[in-house]
Amino acid sequence: MKHQAQETEFEDEEPQIKPLTPEEAQAWRQRQPRMSMWRVLAAQVVVGALCAVVAALVAGREAGWSAAYGALAIVVPAALFARGVARNSGRAGYASGAIARLFAWEFVKLVLCIAMLAAAPVLVPNLHWLALLAGMVVTMKTYWLVLVTGRASVRKTD
């Protein structure tokens, strides 16, 4: 006695994923907002500076410097990462190494951030760790603020 696989109702349906034509793909790209790394970095600098000013007003000058250093511990590695990833990103010959380059620069970013945090007690007199962490967290969350508000270079479409 042979067992045959029963046909299901799904076998007759066309596939759920339909590849786009080149024209459809181009139209989709035009409708999607483009995020500029440099605008996100600029927003991080502004938000980090505001956080440092608020910390200085609330908890004193040392807290302000600590918050500013915390913001720098995020912005400086992110700027290095953006520069490294953006370099040669548009050339076709480098497409195969794009993911490797992304991971390598992310590792450099992480190591630099940790090194800056390790150096904080030496570089920042009367360090306030809570203010430093506040500066870091607020600056890091700027990515989400820019993404949610859609204020990064969005192209208008008809």
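Is Ala86 buried, partly exposed or exposed? Select Ala86 in this predicted model. The residue belongs to helix α3. Its relative accessible area is 27%, so Ala86 counts as partly exposed. The cut-off for buried is under 20%.

Now add Leu102 to the selection. Ala86 and Leu102 lie 16 residues apart in sequence. Their C-alpha atoms are 9.6 Å apart in space.

**The helix pair**

Next, show α3 and α5. Their axes are 7 Å apart, and the packing angle is about 40°. The two helices are therefore oblique to each other. Their crossing is right-handed.

Colour the residues that make the contact. On α3, pick Ala63, Ser66, Ala67, Tyr69, Gly70, Ala71, Ile74 and Val75. On α5, pick Ala131, Leu132, Gly135, Met136, Thr139 and Met140. By class, this contact holds 10 nonpolar residues, four polar ones and no charged ones.

**The cores**

Move on to the largest nonpolar core, which has 10 residues. Select Tyr69, Ala73, Ile74, Cys113, Met116, Ala120, Val124, Leu127, Leu132 and Met136. At least two of these residues come from each of α3 (61-86), α4 (98-123) and α5 (129-140).

Stop at Val124, a member of that core. Leaving aside residues up to four places away in sequence, Val124 touches Trp65, Ser66 and Tyr69.

Last, find the second core, which is separate and has six residues. Among them are Cys51, Ala52, Ala55 and Ala131. Ala131 also appeared on the α5 side of the contact with α3.

Notes: Residues numbered from 1 in each chain as written. Predicted model: local features only at pLDDT ≥ 70, side-chain atom pairs only at ≥ 80, totals over all residues. Heavy atoms only, no water. Core = buried A, V, L, I, M, F, W, Y, C linked by side-chain atoms within 4.5 Å. Buried < 20%, exposed > 50% of the residue type's maximum accessible area, 1.4 Å probe, protein only. Helix = DSSP H or I, 4+ residues; strand = E, 2+ residues; numbered from the N terminus. Contact = heavy atoms within 4.5 Å. Axes fitted to C-alpha atoms, helices over the stretch in contact; angles between N-to-C directions. Parallel < 35°, antiparallel > 145°, perpendicular 65-115°, else oblique. Left-handed = near helix turned anticlockwise from the far one by under 90°. Nonpolar A, V, L, I, M, F, W, Y, C, P; charged D, E, K, R; others polar.
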